[in-house]
Amino acid sequence: MAATNTKSVLFVCLGNICRSPIAEAVFRKMATDAGVVDKWVIDSAATSDWNIGSSPDDRGVACLRKHGTETSHRARQVTKDDFMSFEYILCMDDSNFSELERRANLVKNNQAKIELLGSYDPQKQRIIKDPYYGREEDFEKVYEQCVRCCKAFLEMNS
């Protein structure tokens with residue numbers, strides 16, 4: 001479990017190579033810029049086991065770099081421990097949400113608040129669509145949504 005005055009957030013998508021590592025990197029940069037990164041445990045993970053150990057999608061990495069943000073994340077799958085150690089688990093779409101809720105029900109000491117990251121979007125775009133089969137501009141849209149949502153989430157939790 002995180003230290004007493006530490007908050008924790010896990011960003012989750014299907015494969016942990018597109019949306020969730022973008023959200024993780026965006027949030028980490030925002031928390032760093034705000035001088036509060038040491039008060040947070042920040043990570044991302046997948047509901048599937050397809051990409052374990054893989055780097056984020058090159059198009060997502062390029063999009064992040066374009067905005068002055070880096071990531072060294074390696075894909076991993078959500079574990080039972082995540083439900084006990086993370087305060088917030090923020091996912092990208094209804095399918096992620098349903099799967100996380102299903103898994104959370106199997107964990108006796110589930111502490112996590114599972115929400116759509118998009119529920120924090122001031123533009124009310126609740127679903128962050130998977131850009132994997134899309135183009136660079138789809139990654140840009142994911143980035144912009146993550147910026148809006150992470151900003152609102154950080155403000156509510158500062």
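**Notebook: loops, helix α1, the largest pocket and charge pairs**

I began with G118, which comes out at 1% relative accessibility and is therefore counted as buried, since the cut-off for buried is under 20%. I am working from a predicted model, and I keep that in mind for every entry below.

**Entry on G118 and D121**

I placed G118 in the loop between β4 (113-116) and α5 (136-156). I then looked up what G118 touches, leaving out residues up to four places away in sequence, and found Q125, R126, I128 and C149. I also noted the distance to C146, which is 28 residues from G118 in sequence but 8.0 Å away in space, taken from C-alpha to C-alpha.

D121 belongs to the loop between β4 and α5 as well. I found D121 at a relative accessible area of 2%, so I entered this residue as buried. Beyond its neighbours within four places in sequence, D121 has contacts with R148 and C149. I marked C149 in the margin, as this residue is listed among the contacts of G118 and also among those of D121.

**Entry on positive phi**

Most residues other than glycine have a negative phi. With that in mind I looked for exceptions and stopped at N16, whose phi is positive and near 60° although N16 is not a glycine. I located N16 in the loop between β1 (7-13) and α1 (19-33), and its relative accessibility of 0% puts N16 in the buried class.

I wrote down K124 as a further case, with a positive phi of about 65° in a residue that is not a glycine. K124 sits in the loop between β4 and α5, and with a relative accessible area of 67% I counted K124 as exposed. I also recorded G35, a glycine just after α1, which takes a positive phi of about 75°.

**Entry on helix α1**

I checked the span of α1 and found that its 15 residues reach 21 Å from the first C-alpha to the last, close to the 21 Å expected at 1.5 Å a residue. How many of the 15 residues of α1 are buried? I counted eleven, so the helix is largely enclosed by the rest of the structure. The buried residues are R19, S20, P21, I22, A23, E24, A25, V26, F27, M30 and A31. I then asked which elements the buried residues of α1 pack against. The partners I found are β1, β2 (40-46), α2 (58-66), α4 (94-104) and α5.

**Entry on the largest pocket**

I looked up the largest pocket next and noted about 160 Å³ of space in it. Its lining consists of C13, L14, G15, N16, I17, C18, R19, W50, N51, D130, Y132 and Y133. Sorted by character, the lining residues fall into seven nonpolar, three polar and two charged. N16, which I had entered above for its positive phi, is one of the lining residues, and R19, which I had listed among the buried residues of α1, is another.

**Entry on salt bridges**

Side chains of opposite charge can pair when their charged atoms come close. I counted 15 salt bridges in the model and followed a few of them. R19 and D93 meet through their side chains in a salt bridge of 2.9 Å, N to O. This pair joins distant parts of the chain, with R19 in helix α1 and D93 in the loop between β3 (88-91) and α4, 74 residues apart. I found R19 buried at 1% relative accessibility, and D93 is likewise in the buried class, at a relative accessible area of 15%. I also noted that R19, D93 and D130 are linked in a network of salt bridges, and that R19 and D130 both appear in the lining of the largest pocket.

For K66 and E140 I recorded a salt bridge whose closest N and O atoms are 2.9 Å apart. Because K66 lies in helix α2 and E140 in helix α5, this pair ties together parts that are 74 residues apart in sequence. Is K66 buried or exposed? I found K66 exposed, with a relative accessible area of 60%, whereas E140 counts as buried at 14% relative accessibility.

I closed with K113 and E115, whose side chains meet in a salt bridge of 3.5 Å, N to O. Here K113 is partly exposed, at a relative accessible area of 44%, while E115 is buried at 14%.

Definitions and conventions
Residues are numbered from 1 along each chain as its sequence is written. This is a predicted model: local features need pLDDT of at least 70, side-chain atom pairs count only at pLDDT 80 or more; totals for chains, interfaces and linings use all residues. Side-chain values use heavy atoms; hydrogens and water are left out. On a 1 Å grid over the protein atoms alone, a cavity is a set of points where a 1.4 Å probe fits but cannot get out, and a pocket is an open set with protein on both sides within 12 Å along at least five of seven lines; lining residues have an atom within 4 Å of a point. Grid points are joined across faces, edges and corners, and a volume is the space filled by probe spheres set on the points. Ala, Val, Leu, Ile, Met, Phe, Trp, Tyr, Cys and Pro count as nonpolar, Asp, Glu, Lys and Arg as charged, and the others, Gly among them, as polar. Helices (H or I, at least four residues) and strands (E, at least two) are DSSP runs, numbered from the N terminus. Buried means under 20% relative accessible area, exposed over 50%, partly exposed in between (1.4 Å probe, protein chains only). Contact means heavy atoms within 4.5 Å. The expected span of a helix is 1.5 Å times one less than its number of residues. A salt bridge is a side-chain nitrogen of Lys or Arg within 4 Å of a carboxyl oxygen of Asp or Glu.
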